[in-house]
Amino acid sequence: MDLGQIIRSHQQGDLTQAEAGYRAFLTAMPGHLQALQMLSLLLMQTRRPAEAADHFRQVAAAQPDSPDQWANYASLLRGAGRPEDAEYACRRALALAPAHVAGAYNLANLLAAPPPGGTGSPLESAGWYQRILAVAPDHKQARNNLEVLRRKEAGRLEVAARRVVALDPQSVRGHDALARLLQYRSGLLDWTPGKAMTLDLGLAVKAFDHLHRVQTVHPDEPGSLRLWLALDLFQLGALDDRRLSWAARAAWRRLRGDPTDALAASIVGYHVYRRGRLTLASKLQMRFAARFTDAELDGAGELGSWSMLRADDAFFERLPPLDSIIARLPDMTIVVDLPEGSGPVIMVSGDETYVRRFGPDLFRSIGERSPGASVVLNVVSPTPSLLGMLGEWRRLYPLSIGLSTEQPDFTAWSHAQRVTYYACARFIRAQQWHRHLCRPLILVDLDATTRSDLRTLARDMTGFDLGILYDRRRRGPFREVPVGFVYYNDTPLAGQYLATVAAYIGHFLLEGRPQWMLDQTAHLAVLDWLGRHRPDLRIHRYDFQNFPHCAFIGEK
């Protein structure tokens, strides 16, 4: 008999003829595995699951070391209304291959379903879905099922996990399950940097503590202290020094197993930074970066930001003079100068899109709260239409408005590179205007609005060289000094500071691969370096979280 012809009949939809053919074939050749498999499939298609499972039992028995066959057998047994036998078959598949996705998926579905169709074990089911996603992150069905399970069974899952921990305080499974549930409830699973959303950081920290308990009980448990959670909490300002130390120890262990784990290396760097050793953090990250090719560095996540941090004396000593850097950059042209004066000048900078989008609100707020103030606007690649609109602003707002422009060649630049240029090159232009005007300069983000007359800050700044925002949460060298507002006084040390920041940024714009947050990194690195070499630099630190004079948009 021709089994191929029988299968073709099956595929063409002639199920009656195909079934008769399979049965006749098996009468002539009992135990033929392919015929048994195809007959079992046909019986499932014709809604006879119990008979299908009986036939497939021979396939599983004939191939006892095949996890695929045990996983398939489990599906048939569940369809036949035999959940206990189906669970046994799933576990046989997973005993043979612990990372077997189909076996884990079948078992998770079975455990999630209430009796009589399943076993009603949502906590264990969630664990299996999570194991699947650890192996196959793009498994959409597992992700969707886990989401549904969490929504429907959140209370039961948490009660079950707490019961496990109460019965056995050392339970790895219980602490891990509770950590995942608390992460889910906190909203942290959906957070990404720069994304505005409500988070319960208290719950997220409790999740971290449960993961630390797992690490304490079982230090070698894969991913026991999930470093991405530590990184998120750190960047959100919710990870204290003690917890960061726990994460750093886990990161060192991870690096011993995988010397190119960029996330682990970042956690180590953040720990060293928190201990006040910015130069050492910089050196560690440079040594780590040497393990990568240039192409690999571009996709190494956090390492891109770390590549912008250079705090060692040798780097600053090698920085070329600022004038030689400016000579290699596009020219800044002063289109409209400011009249002579002595009070602070407010400066903003951006490309045409940002100027059109945010400029009117910012200039309106300055005009309302600081009438008569001097303002400088630097625009990257303006069109004649925009320049005409700026002329209207001079008539509309009660301000003295100066204007400078630049025309960089962005051919072949990516969007990320262009945005980084807009954010960072403004400090080079600030240095040029500061030197040109010989007046205090207040640089403000274009997407901010003012809440007070910024000129009155001159009283605060008497006796100081520099006024900066300072984030006391110590969220890293890329976030400690938010540069949405910086006050540069008209003093020699303020000029030296700003010139060093401009040279630092110019170096990376010309020689390196500039990354987002280079501007904030530069300010902290220069502060650190001058703190060692010019301790007489006088700094007024404003608390970023309580700064009343400006409102900012987006993450700083």
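Let's start with the cysteines: the count of disulfides here is zero, where a disulfide is a pair of cysteine sulfur atoms within 2.5 Å. Cys424 is in no disulfide, and the nearest cysteine sulfur, that of Cys550, sits 20 Å away. Keep in mind that this is a predicted model, in which local features need pLDDT of at least 70 and side-chain atom pairs count only at pLDDT 80 or more, while totals for chains, interfaces and linings use all residues. Residues are numbered from 1 along each chain as its sequence is written, and side-chain values use heavy atoms, with hydrogens and water left out.

Where do the cysteines sit? Cys424 is buried, with a relative accessible area of 1%. Cys90 counts as buried too, at 1% relative accessibility. Buried means under 20% relative accessible area, exposed means over 50%, and partly exposed is in between (1.4 Å probe, protein chains only).

Now for a helix pair. Helices (H or I, at least four residues) and strands (E, at least two) are DSSP runs, numbered from the N terminus. Helix 2 (residues 15-28) packs with helix 3 (residues 33-45) at an angle of about 145°, and their axes are 10 Å apart. Those axes are lines fitted to C-alpha atoms, for helices over the stretch in contact, and the angles run from 0 to 180 degrees between N-to-C directions. On the helix 2 side, the contact is made by Leu15, Ala18, Glu19, Tyr22, Arg23, Phe25 and Leu26. Helix 3 brings Ala35, Leu36, Met38, Leu39, Leu42, Leu43 and Gln45. Contact here means heavy atoms within 4.5 Å. By type, the residues of this contact split into 11 nonpolar, one polar and two charged.

Next, the charged side chains. The structure holds 33 salt bridges, each a side-chain nitrogen of Lys or Arg within 4 Å of a carboxyl oxygen of Asp or Glu. Here are some of them:

| Pair | Closest N and O atoms |
|---|---|
| Arg185 and Glu158 | 2.7 Å |
| Asp313 and Arg532 | 2.9 Å |
| Arg455 and Asp453 | 2.9 Å |

Take the pair of Arg185 and Glu158. Arg185 lies in helix 10 (residues 172-186) and Glu158 in helix 9 (residues 140-167), so the pair ties together parts that are 27 residues apart in sequence. Arg185 is partly exposed at 45% relative accessibility, whereas Glu158 is buried at 12%.

The pair of Asp313 and Arg532 links distant parts of the chain: Asp313 is in helix 18 (residues 313-318) and Arg532 in helix 25 (residues 518-533), 219 residues apart. Asp313 counts as partly exposed at 28% relative accessibility, and Arg532 counts as partly exposed at 38%.

In the third pair, Arg455 is partly exposed, with 27% relative accessibility, while Asp453 is buried at 19%. There is also a network: salt bridges that share partners join Glu19, Arg23, Arg48 and Glu51.

Finally, what does His549 touch? Leaving aside residues up to four places away in sequence, His549 touches Thr449, Thr450, Arg451, Ser452, Leu454 and Leu457. His549 is found in the loop between strand 9 (539-543) and strand 10 (550-551), and counts as buried at 16% relative accessibility. His549 and Thr449 are 100 residues apart in sequence, yet 8.8 Å apart in space, C-alpha to C-alpha.

How values were computed. Ala, Val, Leu, Ile, Met, Phe, Trp, Tyr, Cys and Pro count as nonpolar, Asp, Glu, Lys and Arg as charged, and the others, Gly among them, as polar.
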